[in-house]
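Biologist: Before we talk about any single part, could you put the structure up, so that I can ask how the words used for it are justified?

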Amino acid sequence: MAENIEKPANQKCRVGIIMGGLSSEKEVSLESGRNIFSRIDRSKYEPIPIFMDSRALLWEIPVKLLLRNSTRDIEEDLESEARAVPYESLKEKVDVVCLGLHGKYGEDGCMQGLLELLRIPYTGSGVLASAIGMDKHASRRILAAGGIDVPHTIPVQKKRWDSERNEITEEIVRNIGFPCVVKPSREGCSTAVKKIVSAEGLPVALENAFLWDSTALVEEFLSGTEVTCGVLGTGNPEALIPSETIATEEILSLEDKFLYGQGENKTPPRLPEKQIEKIRRTAIAAFEALKLTGYARIDMFVMPDGRVIVLECNTLPGMTPSTVLFHQAAAVGITPAGLIDRIIEYALEVHRDKKGPL
Ligand SMILES: Nc1ncnc2c1ncn2[C@@H]1O[C@H](COP(=O)(O)OP(=O)(O)O)[C@@H](O)[C@H]1O
Ligand SMILES: [Mg+2]
């Protein structure tokens with residue numbers, strides 16, 4: 001399986017930056033992809049923008065399409081302006097794929113599996129870690145088994161909700177209480193994340209979550225300081241400097257909170273040094289427990305009693321210009337081009353050394 005992916009010294013490494021895709025996060029993905037395209041070190045890499053359309057087909061797109069306002073604007077002119085890249089010919093075009101995708105089919109192991117079959121190295125975590133990372137319930141069970149604090153959670157399958165509504169409601173009242181948070185198990189960008197204050201709010205919140213996944217989670221509401229911490233590396237991962245996610249006035253509108261440009265972050269968090277170190281240790285522990293590789297961003301809450309609870313792990317975190325990952329990297333002296341370079345180098349390293357799919 002191991003292949004020689006070294007290039008002769010005079011040839012630049014061709015990086016296919018894949019963006020767009022099928023998920024609810026495709027617009028963020030477009031921002032991530034073009035930011036990677038604009039920041040990547042061109043003395044070392046030859047970036048090739050590749051758009052994944054809503055049918056999962058790949059297209060090599062010219063810069064004029066890359067600069068369009070939305071994925072829909074790009075999609076309208078693919079036939080006339082872009083060149084289709086059938087999966088099986090991707091390997092002839094690129095030496096490594098830099099994944100700018102987020103969410104379903106891009107971040108959850110599907111794309112990673114395709115790239116494994118095509119034998120193309122790709123950035124971020126492998127098939128299993130990506131699939132588990134995307135599934136909040138699966139990842140919490142693994143984190144908890146590793147001694148890492150996670151929110152009290154009750155998973156609710158749509159089928160069971162349809163037939164045992166009263167029993168489930170009782171279980172939630174008894175074991176979680178209110179306020180609580182309802183969300184799909186596998187989504188992103190706060191899609192269908194809802195804080196509810198009484199049992200009356202459960203049916204609507206659950207039905208809404210079921211629009212996105214057949215399993216929804218009902219979990220304790222964490223009232224603490226929300227923080228997030230990037231982790232980089234392969235064998236011996238390092239935590240960047242974490243950021244505090246500043247709560248807006250409207251604590252109820254979780255959906256609004258993370259709309260682009262609305263969220264505010266502070267790097268480092270306004271917390272004692274000891275707490276910041278604990279956040280970094282917890283982020284590394286979560287990264288290792290889930291066998292993540294390359295890079296990831298771990299979201300956590302620091303509770304008033306000092307506990308650090310892991311909310312979720314983002315295996316392909318946002319790479320948009322305003323994203324905290326770049327601030328956190330800057331805080332340890334890594335430039336945006338340097339961060340992208342490291343992520344690609346890690347990809348080349350792990351895929352060179354792997355035995356079987358990652
Ligand atoms: N249990 C919770 N307690 C408090 N706030 C929460 C909770 N779950 C989610 N939130 C808020 O909603 C945001 C989005 O939820 P998250 O679980 O990260 O879903 P997504 O994968 O869509 O980002 C979080 O960043 C946080 O601000
Ligand atoms: Mg999140």
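Biologist: In this predicted model, what makes helix α7 (residues 127–134) mostly covered?

Modeller: A residue is called buried if 20 or more other C-beta atoms lie within 10 Å of its own, and six of the eight residues of α7 pass that test. They are A129, S130, A131, I132, G133 and M134. These buried residues pack against helix α6, helix α8 (136–145) and strand β15 (308–314).

Biologist: You mentioned α6, so why is E116 called buried?

Modeller: E116 belongs to helix α6, which covers residues 110–118. The cut-off for a buried residue is 20 or more C-beta neighbours within 10 Å, and E116 has 20 of them, so E116 counts as buried. Once residues up to four places away in sequence are set aside, E116 touches V127 and P357.

Biologist: How far from E116 is V181, in sequence and in space?

Modeller: The two are 65 residues apart in sequence, and from C-alpha to C-alpha they are 36 Å apart in space.

Biologist: Why is strand β9 (residues 215–220) described as largely enclosed?

Modeller: The same kind of count is made for the strand, and five of the six residues of β9 turn out to be buried, so the rest of the structure largely encloses β9.

Biologist: And how do you know which strands β9 pairs with?

Modeller: Two strands are said to pair if at least two bridges are found between them. Strand β6 (residues 153–157) has five bridges with β9, in the antiparallel sense, and T153 has E219 of β9 as its bridge partner. Strand β7 (residues 180–184) is likewise antiparallel to β9 over five bridges, with K183 standing opposite L217. Both pairings therefore satisfy the requirement of at least two bridges.

Biologist: There is also a sheet of five strands, so what makes β4 and β5 its edge strands?

Modeller: The order in this open sheet is β4-β3-β2-β1-β5, with mixed pairing. Strands β4 (83–84) and β5 (96–99) each pair on one side only, and that is what makes them the edges. Further in, strand β2 (residues 45–52) and strand β3 (residues 58–60) are antiparallel over three bridges, where M52 has L58 as its bridge partner in β3. Helix α1 (residues 26–39) lies across β1 (13–20), β2 and β5, and runs at about 160 degrees to β1.

Biologist: Which residues have the most contacts inside the largest nonpolar core?

Modeller: That core has 72 residues, and the ones with the most contacts inside it are I17, V96, V97, V231, A286 and I298. At least three of the core residues come from each of domain 1 (13–123) and domain 2 (133–150 + 223–315). Taking I17 and leaving out its neighbours within four places in sequence, the residues in contact with I17 include G33, I36, F37, P47 and C98. Apart from this core lies another one of 16 residues, among them W161, I172, C180 and L217.

Biologist: Where in the chain is domain 3, and how far is it from domain 1?

Modeller: Domain 3 spans residues 153–220, and the C-alpha centres of domain 1 and domain 3 lie 34 Å apart. Their contact takes seven residues from domain 1 and five residues from domain 3. On the side of domain 1 that touches domain 3, one residue is nonpolar, three are polar and three are charged.

How values were computed. Residues numbered from 1 in each chain as written. Chains lettered and ligands numbered in written order. Predicted model: local features only at pLDDT ≥ 70, side-chain atom pairs only at ≥ 80, totals over all residues. Domains from an automatic or database assignment. Contact = placed C-beta atoms within 7 Å. Nonpolar A, V, L, I, M, F, W, Y, C, P; charged D, E, K, R; others polar. Core = buried A, V, L, I, M, F, W, Y, C linked by C-beta atoms within 7 Å. Buried ≥ 20, exposed ≤ 12 C-beta atoms within 10 Å, placed from the backbone. Helix = DSSP H or I, 4+ residues; strand = E, 2+ residues; numbered from the N terminus. Axes fitted to C-alpha atoms, helices over the stretch in contact; angles between N-to-C directions.
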